[in-house]
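Here's a quick tour of a fold and its main pocket. Have a look at the model first, then read on.

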Amino acid sequence: MISREEFSKIMEKISISPQDEDYLLFSIYCETLKEWNQKMNLTAITDDSGIAVKHFADSLLPLTLFDIPANARLIDVGTGAGFPSVPMKLIRRDLQLTLLDSLEKRLGFLRHLCAQLGIDAATVHLRAEEAGRDPRYRERYDVATSRAVASLGALAEYCLPLVRPGGVMLALKGSSGEEEAEAGQRAVALCGGRIRDVLRYRLPGGDPRTLVVVEKISQTPTKYPRPSAQISKRPL
């Protein structure tokens, strides 16, 4: 992990004020990620500085752009190695976290990681479209997050069925976020949502990012989400 001083500078650049124990916890995260990455494919970014900026800072920046309500029920769709939700949970311990992924091996890593970090998180081994049709998860969450999973149109069909009316979907995108938001408006509307904000910003290293904030304004019709093959072949 990078030095405590470097970590603090990165956090200051993104307007996060770390607590005394945060450096230790993010260090554990970094080292555990690198260790498990030798056994399974979790990330292509393996240098300490890259992990700190392109994973940790990238995951935390939405907290400075959107005010997630206290004690929100948050589901991270296609969570992978836990980004963005696990870094968010380290800063916002009040969040009630659910980690959704289709690969059990990744969830095994996340269960181990959460135990190492001393945080609570439910893990769900399902595809997003399966979870969206399951009464245990459908429209149960205040917030759905997703980072580097699919185009915004497809993401709306994956995520919005999981969000309760009045909740939000937070889509972490790269430089193409505005174009995706424009192209995905119809899919968002069909799934009961409305694009509230498209926020452009940069990581401390200068890489462009976009946060697309989608409000859930009505229940998702029961025909959504469709099977993944239809979502891919016939976008809304």
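## The largest pocket

Keep in mind that this is a predicted model. Its largest pocket holds about 520 Å³ of space. Two elements each give two or more residues to the lining of that pocket: strand 2 (96-101) and helix 6 (128-133).

So who sits around the middle? Of the 24 lining residues, G78, T79, D101, R106 and V149 lie nearest the centre of the pocket. If you're thinking about chemistry, the lining splits by class into twelve nonpolar, seven polar and five charged residues.

## The sheet

How are the strands ordered in the sheet? Reading across, you get 3-2-1-4-5-7-6, seven strands in an open sheet with mixed pairing. Strand 3 (122-125) and strand 6 (193-202) are the edges, each pairing on one side only. From one strand to the next, the twist averages 20 degrees.

As a bit of background, strands in a sheet pair through backbone hydrogen bonds, and can do it parallel or antiparallel. Strand 6 and strand 7 (residues 208-216) go for the antiparallel option, with nine bridges joining them. For a handy landmark in that pairing, V198 stands opposite V212 in strand 7.

## A helix on the sheet

Which strands does helix 7 touch? Helix 7 (residues 152-159) packs on the sheet and touches strand 1 (73-77), strand 4 (141-147), strand 5 (163-173), strand 6 and strand 7. The direction of helix 7 makes about 145 degrees with that of strand 5.

Terms used. Residues are numbered from 1 along each chain as its sequence is written. This is a predicted model: local features need pLDDT of at least 70, side-chain atom pairs count only at pLDDT 80 or more; totals for chains, interfaces and linings use all residues. Side-chain values use heavy atoms; hydrogens and water are left out. On a 1 Å grid over the protein atoms alone, a cavity is a set of points where a 1.4 Å probe fits but cannot get out, and a pocket is an open set with protein on both sides within 12 Å along at least five of seven lines; lining residues have an atom within 4 Å of a point. Grid points are joined across faces, edges and corners, and a volume is the space filled by probe spheres set on the points. Helices (H or I, at least four residues) and strands (E, at least two) are DSSP runs, numbered from the N terminus. Ala, Val, Leu, Ile, Met, Phe, Trp, Tyr, Cys and Pro count as nonpolar, Asp, Glu, Lys and Arg as charged, and the others, Gly among them, as polar. Two strands pair if DSSP finds at least two bridges between them. Axes are lines fitted to C-alpha atoms, for helices over the stretch in contact, and angles run from 0 to 180 degrees between N-to-C directions. Contact means heavy atoms within 4.5 Å.
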